[in-house]
Amino acid sequence: MRFLLSNDDGYFAPGILALADALREVGEVIVCAPERDRSGASNSLTLDRPLSVRKAPSGFLYVNGTPTDCVHLAATGLMDSLPDMVVAGINHGANMGDDTIYSGTVAAATEGHLFGVPAIAISLASRNPQHFATAAKVARDLVQRFIQSPFAAPVLLNVNVPDIPYEELKGVQMTRLGRRHKSSGVIQSKNPRGETIWWVGPVGEVSHAGEGTDFYAVAHGYVSVTPLSVDLTAKTQLDLVSTWLSD
């Protein structure tokens, strides 16, 4: 298999290095990642300026753009054909619940999925991640499972791994996304020139983390695997809106 790897932490991040080493054991690896940390970039594409692509001593390609830019450029211009799979990560921190909306890691995988390619976003669920080898082995395990038993249609999987030694993992669970409370307010400050500046506040605390959610699985030592969809249609509200429009 041929894998396209990207992330939102930058081409130099230890997570993508560990991921590339693990997946080289099962196939060809091409890495195209941002030149700097682009966490929170979500699915944004850079349309207001041209992009440049450079090659690092490691052989990784890096782009002065977003994670979505990286996968888009690689899939439509840098590679002679689409990869067999896009794998994004290993993210420095969890991407669970509402976080997936903002995540550049999930966005990179989503871009691959939009091209009809199976895609996995994998994150190490810790604010100070240590066990990248654990997440790398989990990624390799999932890829090998896919090779042995591929899905009938391309899937988009969001994977979160507890930050513990591989041997201490309790297993793998299919999950749904949990929810958080609304985020904290912005933080007002002053820069050295005395000008007012603003920082985005921290994420909200977990509000829905019951059994079956990604939060619950990771908290109990399990790898969380959540299938995602890019169809944003609120199907449960179609009748409601239809009635509202016909009144």
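**Figure 1. Cysteines and the disulfide count in the predicted model.** The number of disulfides in this predicted model comes to zero. Cys-32 has its closest cysteine sulfur in Cys-70, at 4.6 Å, which is too far for a bond, since a disulfide requires sulfur atoms within 2.5 Å. Seen from the other residue, the result is repeated: the cysteine sulfur closest to that of Cys-70 belongs to Cys-32, 4.6 Å away and too far for a bond. Cys-32 counts as buried, at 1% relative accessibility. Cys-70 is buried as well, with a relative accessible area of 0%.

**Figure 2. Residues annotated as a binding site.** An unreviewed UniProt entry carries the annotation "binding site" for Asp-8, Asp-9, Ser-39 and Asn-91. These residues span 84 residues in sequence, but no two of their C-alpha atoms are more than 9.1 Å apart, so they gather at one spot. Two of the annotated residues, Asp-8 and Asn-91, are shown separately in the next two views.

**Figure 3. Surroundings of Asp-8.** Asp-8 is found in the loop that runs between strand S1 (2-6) and helix H1 (14-23). With 2% relative accessibility, Asp-8 counts as buried. When neighbours within four places in sequence are left aside, the contacts of Asp-8 include Pro-34, Arg-36, Asp-37, Arg-38, Ser-39 and Gly-40. Pro-67, Asn-91, Ser-103, Gly-104 and Thr-105 are also among the residues in contact with Asp-8. Ser-39 and Asn-91, both in contact with Asp-8, carry the "binding site" annotation in the UniProt entry.

**Figure 4. Surroundings of Asn-91.** Asn-91 is part of strand S5, which covers residues 85-92. Its relative accessibility is 6%, and Asn-91 therefore counts as buried. Not counting residues up to four places away in sequence, Asn-91 touches Asp-8 and Asp-9, together with Thr-105, Ile-122, Ser-123 and Leu-124. The side chains of Asn-91 and Thr-105 are joined by a polar contact of 2.9 Å. Thr-105 is also in contact with Asp-8.

**Figure 5. Packing of helix H1.** Helix H1 (14-23) follows the loop that holds Asp-8. Seven of the ten residues of H1 are buried, so the helix is largely enclosed by the rest of the structure. The buried residues are Gly-15, Ile-16, Ala-18, Leu-19, Ala-20, Ala-22 and Leu-23. They pack against S1, strand S2 (28-34), S5 and helix H5 (132-148). One of these elements, S5, is the strand in which Asn-91 lies.

**Figure 6. Polar contacts of Asn-191.** Asn-191 sits in the loop between strand S10 (187-190) and strand S11 (196-199). A polar atom of the Asn-191 side chain lies 2.9 Å from the backbone nitrogen of Arg-193. The side chain of Asn-191 also makes a polar contact of 2.7 Å with the side chain of Glu-195.

**Figure 7. The chain as the setting for the close-ups.** The secondary structure comprises seven helices and 13 strands. The C-alpha trace spans about 55 × 50 × 45 Å along its principal axes. The radius of gyration is 19 Å, which agrees with the value near 18 Å for a compact globule of 247 residues. Of the 247 residues, 47% count as buried. Among contacts between residues at least 6 apart in sequence, 75% join residues at least 24 apart. The chain exposes about 13100 Å², and carbon and sulfur atoms supply 54% of that area.

Technical notes: Residues numbered from 1 in each chain as written. Predicted model: local features only at pLDDT ≥ 70, side-chain atom pairs only at ≥ 80, totals over all residues. Heavy atoms only, no water. UniProt positions renumbered as here; feature names shortened; annotations may be inferred. Helix = DSSP H or I, 4+ residues; strand = E, 2+ residues; numbered from the N terminus. Buried < 20%, exposed > 50% of the residue type's maximum accessible area, 1.4 Å probe, protein only. Contact = heavy atoms within 4.5 Å. Polar contact = N/O pair within 3.5 Å; in protein donor to acceptor, adjacent residues only side chain to side chain. Rg over C-alpha atoms; globule rule 2.2 N^0.38 Å. Areas by Shrake-Rupley, 256 points an atom, 1.4 Å probe, with all protein chains shown as cover.
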